[in-house]
Amino acid sequence: MISLTDTQKIGMGLTGFGVFFLFFGMILFFDKALLAIGNVLFVAGLAFVIGLERTFRFFFQKHKMKATGFFLGGVFVVLIGWPLIGMIFEIYGFFLLFRGFFPVVVGFIRRVPILGSLLNLPGIRSTT
């Protein structure tokens, strides 16, 4: 079991609530208030989980500046009141930022009993 500090536990809670508010905001036809709250909670939670310095280093690496610009620009656009355009920017920036983690996530999901069998189906296996 991984031991977490109290700060990291708070960060996990903030990140979880951020993802919930983002999802709920998209379900409710891109409600800008819920999306704004979700964005703030997600970024704050990430900073609590990995620390301020590591968060800054992650977002502002030279090869990730385009992705950071789209992600944080999308957060800003949502905050000023254009939720659909902002979420498109954010999703694009999110995929650019975290594309290195996707193979790890897919490998982990392959080991989950029901989801792993779905990912190992012939048509899906060749794409992942």
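Which helix supplies the largest share of the nonpolar patch? In this predicted model, that helix is α5, with four residues. The patch lies on the surface and has about 740 Å² of accessible area together. The briefing below also covers the one salt bridge that the structure holds, the transmembrane regions listed by UniProt, and the surroundings of Lys-66 in helix α4.

**Nonpolar surface patch**

- The members of the patch are Phe-76, Ile-80, Trp-82, Leu-84, Ile-85, Ile-88 and Phe-89.
- Two helices, α4 (65-80) and α5 (83-98), each contribute at least two residues to the patch.
- Trp-82 sits in the loop between α4 and α5.
- With a relative accessibility of 53%, Trp-82 is classed as exposed, because the cut-off for that class is over 50%.

**Salt bridge in helix α3**

- The single salt bridge of the structure joins the side chains of Arg-57 and Glu-53, with an N to O distance of 3.8 Å.
- Both partners belong to helix α3 (residues 52-59), and because they are four residues apart there, about one helical turn separates them.
- Arg-57 is partly exposed, at 48% relative accessibility.
- Glu-53, by contrast, has a relative accessible area of 57% and is exposed.
- The two partners fall into separate classes because exposed requires over 50% relative accessible area; Arg-57 has 48% and Glu-53 has 57%.

**Annotated transmembrane regions**

- An unreviewed UniProt entry lists residues 12-30, 36-56 and 68-85 under "transmembrane region".
- In the model, residues 12-30 are 84% helix and 0% strand, and the C-alpha atoms at the two ends of this span are 24 Å apart.
- For residues 68-85, the helix content is 89% and the strand content 0%, with 16 Å between the end C-alpha atoms.

**Lys-66 and its surroundings**

- Lys-66 is located in helix α4 and, at 54% relative accessibility, counts as exposed.
- Apart from neighbours within four places in sequence, the contacts of Lys-66 are Tyr-92 and Leu-96.
- A distance of 24 Å separates the C-alpha atoms of Lys-66 and Phe-23, which are 43 residues apart along the chain.

Key. Residues numbered from 1 in each chain as written. Predicted model: local features only at pLDDT ≥ 70, side-chain atom pairs only at ≥ 80, totals over all residues. Heavy atoms only, no water. UniProt positions renumbered as here; feature names shortened; annotations may be inferred. Salt bridge = Lys/Arg side-chain N within 4 Å of Asp/Glu carboxyl O. Buried < 20%, exposed > 50% of the residue type's maximum accessible area, 1.4 Å probe, protein only. Patch = residues over 30% accessible without salt bridge, like charges linked within 9 Å, V, L, I, M, F, W, Y side chains within 5 Å. Areas by Shrake-Rupley, 256 points an atom, 1.4 Å probe, with all protein chains shown as cover. Contact = heavy atoms within 4.5 Å.
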